[in-house]
Amino acid sequence: MGLDMWLKNSDGYDEIYWRKANQIFRFIDEYLEAEGEYGIENCKNHAISRIAIEDLLEICHRINKDHSLAEELLPGQEGFFFGSTEPDMYYFQQLEETERELKDLLQRRDDDYFIFHAWW
């Protein structure tokens, strides 16, 4: 049991999978709330704009260049089964993979939105 998350393309096909990446969860949750949604609901699909994904990519890039920005730009989110909230080795490994995968996704797809799904 844990925090499992997927980013799907607008056709509904899985593109990126995260496990216990609570910092990504928090970013998406806050982004949805800023756009007027309640936030992430367990086992529900949420449309997330391409702009949000581009913002996440930029933040990951900045943190990967300067780890000291981690807690300021992409803090962790506490939650049952969400894993550690500390910016440790696993945190930075997730951000390196996320940057690489998001960059590839945005180059391959021209979707205006993506679908975010979380299960915990």
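Trainee: Let's start with N64. Which helix does N64 lie in?

Mentor: N64 lies in helix α2. Keep in mind that we're looking at a predicted model.

Trainee: Is N64 buried or exposed?

Mentor: Check the relative accessible area against the cut-off: under 20% means buried. N64 comes out at 18%, so N64 is buried.

Trainee: And what is N64 in contact with, once I leave aside its neighbours within four places in sequence?

Mentor: F92, L95, E96 and E99. You can also look at backbone separation: N64 and Q93 are 29 residues apart along the chain, and their C-alpha atoms are separated by 9.1 Å.

Trainee: Those contacts take us to α4. How do I read the packing of two helices?

Mentor: Two packed helices are described by the angle between their axes and the distance between the axes. Here α2 and α4 pack at an angle of about 135°, with their axes 9 Å apart. That makes α2 and α4 oblique to each other, and their crossing is left-handed.

Trainee: Which residues make that contact?

Mentor: On the α2 side you have R50, I53, E54, L56, L57, C60, H61, I63 and N64. On the α4 side, the contact is made by Y91, F92, L95, E96, T98, E99, L102, K103 and L106.

Trainee: What about α1 and α2, at what angle do they pack?

Mentor: About 140°, with the axes 11 Å apart. α1 and α2 are therefore oblique to each other as well. The crossing of α1 and α2 is right-handed. In α1, look at I24, F27, I28 and Y31; they meet I51, A52, I53, D55, L56 and I59 in α2.

Trainee: Back to α4. How many residues does α4 have, and what span is expected for it?

Mentor: α4 runs over residues 89-108, which is 20 residues. From its first C-alpha to its last, α4 reaches 29 Å, close to the 28 Å expected at 1.5 Å a residue.

Trainee: How do I find the faces of a helix?

Mentor: An α-helix has 3.6 residues a turn, so residues three or four places apart point the same way. Now apply that to α4. Its buried residues are Y91, F92, Q94, L95, T98, E99, L102, L105 and L106. Seen down the axis of α4, these buried residues fall within an arc of 150°, so they line one face of the helix. The face turned away from the buried side of α4 carries the exposed residues M89, R100 and Q107.

Trainee: What do the buried residues of α4 pack against?

Mentor: Quite a list: β1 (4-8), β2 (14-19), α1 (22-34), α2 (50-65), α3 (70-73) and β4 (113-119).

Trainee: Can we do α1 in the style of α4? What span does α1 reach?

Mentor: α1 has 13 residues and reaches 18 Å from its first C-alpha to its last, close to the 18 Å expected for it. The buried residues of α1 are N22, Q23, I24, F25, F27, I28, D29, Y31 and L32. They pack against β1, β2, β3 (45-49), α2, α4 and β4.

Trainee: Pick one of those. How buried is Q23, in terms of relative accessibility?

Mentor: Q23 sits at 1% relative accessibility, so Q23 counts as buried. Leaving aside neighbours within four places in sequence, Q23 is in contact with L74, P75, G76, Y91, Q94 and L95.

Trainee: Now the backbone. What should I expect for phi?

Mentor: Most residues other than glycine have a negative phi, and most peptide bonds are trans. Two residues to look at here are K20 and C43. K20 has a phi near 55°, positive in a residue other than glycine, and lies in the loop between β2 and α1. C43 has a phi near 60°, also positive in a non-glycine residue, and lies in the loop between α1 and β3.

Trainee: What relative accessibility does K20 have, and what relative accessible area does C43 have?

Mentor: K20 is at 26%, so K20 counts as partly exposed. C43 is at 42%, and is partly exposed too.

Trainee: And which residue takes a positive phi just after α1?

Mentor: That's G36, with a phi of about 95°.

Trainee: One last residue: where does R109 lie?

Mentor: In the loop between α4 and β4. R109 and S10 are 99 residues apart in sequence, yet 9.4 Å apart in space, C-alpha to C-alpha. Not counting residues up to four places away in sequence, R109 touches N9, S10, D11, E15, R50 and F114.

Notes
Residues are numbered from 1 along each chain as its sequence is written. This is a predicted model: local features need pLDDT of at least 70, side-chain atom pairs count only at pLDDT 80 or more; totals for chains, interfaces and linings use all residues. Side-chain values use heavy atoms; hydrogens and water are left out. Helices (H or I, at least four residues) and strands (E, at least two) are DSSP runs, numbered from the N terminus. The expected span of a helix is 1.5 Å times one less than its number of residues. Buried means under 20% relative accessible area, exposed over 50%, partly exposed in between (1.4 Å probe, protein chains only). The arc is that of the directions from the helix axis to the C-beta atoms. Contact means heavy atoms within 4.5 Å. Axes are lines fitted to C-alpha atoms, for helices over the stretch in contact, and angles run from 0 to 180 degrees between N-to-C directions. Angles under 35 degrees count as roughly parallel, over 145 as roughly antiparallel, 65 to 115 as roughly perpendicular and the rest as oblique. A crossing is left-handed if the near helix is turned anticlockwise from the far one by less than a right angle, and right-handed if clockwise.
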